[in-house]
Amino acid sequence: MSEKTTILSTIRNYGSRLFRFIRGRVRTEEEAEDILQDVWVQLSRLGNLDEIESLSGWLHQVARNRITDTYRQKGTESLDDLSYEDEEGNLNVKEILLSDSHSPEDEFFKEVFWQTLMSALDELPENQRQVFVWNELEDLTLQEIADKTQENLKTIISRKRYAVQHLRQRLQALYDELNND
């Protein structure tokens, strides 16, 4: 079977599932399509697909990496965007925290992460902490928060930005500490 036939078969077998995976992690369908296209380009550049142990795992890892790269380029301000790079690829914090994995390493990371997050939230001024909690943990939109508090939307956006900046610093310190062990 030729490489072209193998790639086309892979696209047919994994295309819609991989698109749904990507679409669930980005804001627009266009972003998801662009990232999926990048995954296929990277697949086409491989010399021998038989060298990949788990094709599905490889495709999802490349997609995660491209999603992370997209968010890094945009500098977005959300808990979804708290991703850090390790030796094997990228670590999406929210994905690990919400995963069903119960390995000792994941459980330890979840516990330490939540302790660090709660401690960092306690360091924030009340108004920044409340905006972050409502938006990220209780899924209120920034507009809903502005309506609820009867404050200007730009004020709410600013509070969220400051909260995320502080939390990123604290979580980066945690990542650095765990990565040096």
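Leaving aside neighbours within four places in sequence, which residues is Leu59 in contact with? Keep that in mind while you look at the structure, which is a predicted model. Here is what you should find: Leu59 is in contact with Thr10, Tyr14, Leu18, Val39, Trp40 and Leu43.

Several of those names come back when we turn to the nonpolar cores. The largest nonpolar core has 19 residues, and Leu59 is listed among those with the most contacts inside it, together with Leu18, Ile22, Val39, Trp40 and Leu43. Who supplies this core? At least two residues each come from helix H1 (3-23), helix H2 (29-44) and helix H3 (55-74). The most generous is H2, which gives six residues. There is also a second, separate core of 13 residues, and that one includes Phe113, Leu124, Phe132 and Ala163.

Phe132 brings us to helix H6, so to speak, and I'd like to stay there for a moment. H6 has 12 residues and reaches 15 Å from its first C-alpha to its last, close to the 16 Å expected. Its buried residues are Gln128, Arg129, Val131, Phe132, Val133, Trp134, Asn135 and Glu136. Just after the helix comes Asp139, with a positive phi near 60°.

Let's pick two residues from H6. Gln128 sits in this helix, residues 126-137. Is Gln128 buried or exposed? With a relative accessible area of 15%, Gln128 counts as buried, because the cut-off for buried is under 20%. Apart from residues up to four places away in sequence, Gln128 touches Arg159, Tyr162 and Ala163. You may remember Ala163 from the second core.

The other one is Arg129, also in helix H6. A polar atom of the Arg129 side chain lies 3.0 Å from the backbone oxygen of Leu121. Leu121 is also among the residues that Arg129 touches, and with the same exclusion of up to four places in sequence, Asp122 and Leu124 are there too. Arg129 has a charged partner as well: Arg129 and Glu126 form a salt bridge, with the closest N and O atoms 2.3 Å apart. Why are these two separated by about one helical turn? Because Arg129 and Glu126 are three residues apart in helix H6. Here is the general idea: an α-helix has 3.6 residues a turn, so residues three or four places apart point the same way. Glu126 itself is partly exposed, at 46% relative accessibility.

How many salt bridges does the structure hold? Four. Another one joins the side chains of Arg170 and Glu123, at 2.4 Å from N to O. This pair links distant parts of the chain, with Arg170 in helix H8 and Glu123 in helix H5 (residues 104-123), 47 residues apart. Arg170 is partly exposed at 23% relative accessibility, and Glu123 is partly exposed at 44%.

One more salt bridge, between Arg159 and Glu151, has its closest N and O atoms 2.9 Å apart. Here Arg159 counts as buried at 16%, while Glu151 is partly exposed at 29%. And yes, Arg159 is one of the residues that Gln128 touches.

Let me finish with Gln150, in the loop between helix H7 (142-149) and helix H8 (153-179). Gln150 is not a glycine, yet its phi is positive, about 60°. Why does Gln150 count as exposed? Because its relative accessible area is 74%, and exposed means over 50%.

Thanks for listening, everyone!

Technical notes. Residues numbered from 1 in each chain as written. Predicted model: local features only at pLDDT ≥ 70, side-chain atom pairs only at ≥ 80, totals over all residues. Heavy atoms only, no water. Helix = DSSP H or I, 4+ residues; strand = E, 2+ residues; numbered from the N terminus. Buried < 20%, exposed > 50% of the residue type's maximum accessible area, 1.4 Å probe, protein only. Contact = heavy atoms within 4.5 Å. Expected span 1.5 Å × (residues − 1). Polar contact = N/O pair within 3.5 Å; in protein donor to acceptor, adjacent residues only side chain to side chain. Core = buried A, V, L, I, M, F, W, Y, C linked by side-chain atoms within 4.5 Å.
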